[in-house]
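Welcome! Let us walk through this structure together, one sheet at a time.

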Amino acid sequence: MEHTIETVSKSVKTGKSSLRISSEGGHDTSAYASVQLKSGVRYSLSAWIKADRVEGGGKGALLNVHELQQKAMTKGIRKTHDWQKVETVFVNPSAGRITVNCLFGGWGRSKGKAWFDDISLNEMVPIYKEIEKVENRKVDLTLAVDAIPGLLFSKTSLMAKSGKWLKLTFNNTDNMPHNLVIIAPGTYDSVGQATDLMMAKPGAAARNYVPKNAKVIAQTPMVLPGTKYDLVFQVPTQKGNYPFLCTFPGHWRLMKGELIVQP
Ligand SMILES: [Cu+2]
């Protein structure tokens, strides 16, 4: 037999069953579902995948959107791995039905066994391409920070006087989405660590990966590559060093800085 696609109850991440795809000789196959999507909306597609000796020339076990091919594709899980979360974020270019694949093989043939569980497709908070009229008010000060390749912000310190109105232009020049979240002094480590756990949390993408424990002073949404967002807010009236970070899981250790508020 070339390959088998079945639901199994023995190996599950959560719930009662998972989907198992296996092949002894090597195959490029998928189990798929058809879903209606809106146009121009950003979606997060994720699942948990477990693998047992997945080998061969294919990408392994992964998810993708058939119509978007490698534009909407998670990483491939190969070799032997316990349950691991995979995720891809994509913008659906035109309304209509798309096909979500649980892919085994993928641009090549794979053999071995893979389990898929908790597959989810979520609509994300809209991305603001242009400056939204967050506030029409006059600001006292304008600053700019870019997200740059290498998981970095172009500046790691910003200065502002307490109580002033600030427009902070966040320009994402990198090739993946990022945000900028300013939080209460002394909370960088606890918020950062909480973001590490968010990849696995349902609804995390919809919250822009801002953990619940964060005391947010101001935040941008996740900003797409090549776009910018103007964050208009009042600088805290208390002086201090307010950390800022990108809360996308795994980014906080590098994407960080401080807003230094002076009296
Ligand atoms: Cu980031």
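Before we set off, keep in mind that what you see is a predicted model.

A good place to begin is with a pair of residues facing each other across two strands. Find V181, whose bridge partner in β15 is Q219. This pair is part of the link between β14, made of residues 181-183, and β15. Three bridges hold these two strands together in the pairing, and they run antiparallel.

Now step back to see where β14 and β15 belong. They are members of an open sheet of five strands, ordered β12-β18-β17-β14-β15. The pairing in this sheet is mixed. At its edges you will find β12 (157-161) and β15 (216-219), each of which pairs on one side only. If you look from one strand to its neighbour here, the two are turned by 25° against each other on average, with direction ignored.

Next, let us move to another sheet. In which order do its four strands lie? This open sheet reads β3-β8-β5-β6, and its pairing is antiparallel. The edges are taken by β3 (29-37) and β6 (69-73); each has a single partner strand, so one side of each is left without a neighbour in the sheet. From one strand to the next, the twist averages 40°.

Here, too, we can zoom in on one pair of strands. Strand β5 covers residues 60-65 and is joined to β6 by two bridges, the two strands running antiparallel. To spot a matching pair of residues, look for N64, which stands opposite M73 in β6.

Key. Residues numbered from 1 in each chain as written. Predicted model: local features only at pLDDT ≥ 70, side-chain atom pairs only at ≥ 80, totals over all residues. Pairing = 2+ DSSP bridges. Axes fitted to C-alpha atoms, helices over the stretch in contact; angles between N-to-C directions.
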